[in-house]
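Here's a quick briefing to get you started. Have a look at the chain below, then read on for the main points.

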Amino acid sequence: ADIPVIPDLEEVQEEDLAMQVAAPPSVQVNRVLTYHDLDKDLMKYAAFQTLDGEVDLKLLTKVLAPEHELREDDVSWDWDHLFTEVSSEIVTEWDLGQSERES
């Protein structure tokens with residue numbers, strides 16, 4: 001009587017699992033820091049001024065570029081246009097190299 005029994009496929013098909021929905025996981029959402037907040041924290045905490053307590057990062061943190069200088073507009077690439085442009089530049093460089101060799 002204590003021996004487990006493997007259910008028949010017919011019994012499993014009779015159970016309607018489609019109507020059962022799992023409960024969604026509960027996730028705590030934290031606020032995402034902005035670049036401005038990260039920049040302030042970088043200069044504020046001495047922990048970010050050294051790496052492993054040995055490498056001084058003060059010079060690096062002074063010359064880091066601000067976010068607005070790093071932002072670029074999204075540009076869509078067209079494969080045919082890009083391939084033609086690169087091929088043209090390669091051929092132009094090759095032609096210049098050939099003409100310099102002949103001179």
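Helices (H or I, at least four residues) and strands (E, at least two) are DSSP runs, numbered from the N terminus. With that in hand, leucine 64 can be placed in the loop between helix 3 (58-63) and helix 4 (67-70). This is a predicted model, where local features need pLDDT of at least 70, side-chain atom pairs count only at pLDDT 80 or more, and totals for chains, interfaces and linings use all residues. Residues are numbered from 1 along each chain as its sequence is written, and side-chain values use heavy atoms, with hydrogens and water left out.

**Overall layout**
- The chain has five helices and two strands.
- Starting at the N terminus, the order of elements is α-α-β-β-α-α-α.

**Confidence**
- The mean pLDDT (the predictor's confidence in each residue, from 0 to 100) is 78 for the chain, and 79% of the residues score at least 70.
- Confidence is highest in helix 5 (residues 79-102), at a mean of 91, and lowest in strand 1 (residues 50-51), at 66.
- Where pLDDT is low, the predicted coordinates should not be read in detail.

**Surface**
- Just 4% of the 103 residues count as buried, meaning under 20% relative accessible area, while exposed is over 50% and partly exposed is in between (1.4 Å probe, protein chains only).
- About 10,700 Å² of the chain is exposed, with carbon and sulfur atoms supplying 58% of that; accessible areas come from the Shrake-Rupley method with a 1.4 Å probe, and for residues only the protein chains shown count as cover.
- Leu59, Leu60, Val63 and Leu64 make a nonpolar surface patch of about 420 Å².
- Patches are made of residues with over 30% relative accessible area and no salt bridge (a side-chain nitrogen of Lys or Arg within 4 Å of a carboxyl oxygen of Asp or Glu), joining like charges within 9 Å and nonpolar side chains (Val, Leu, Ile, Met, Phe, Trp, Tyr) within 5 Å.
- Leucine 64 is partly exposed, because its relative accessible area is 46%.

**Helix 2 and proline 66**
- Histidine 36 sits in helix 2 (residues 35-44) and counts as exposed, because its relative accessible area is 52%.
- From histidine 36 to proline 66 there are 30 residues in sequence, but 9.1 Å in space, C-alpha to C-alpha.
- Aspartate 39 is also part of helix 2, and it is partly exposed at a relative accessible area of 42%.
- Aspartate 39 and proline 66 are 27 residues apart along the chain, with 8.6 Å separating their C-alpha atoms.
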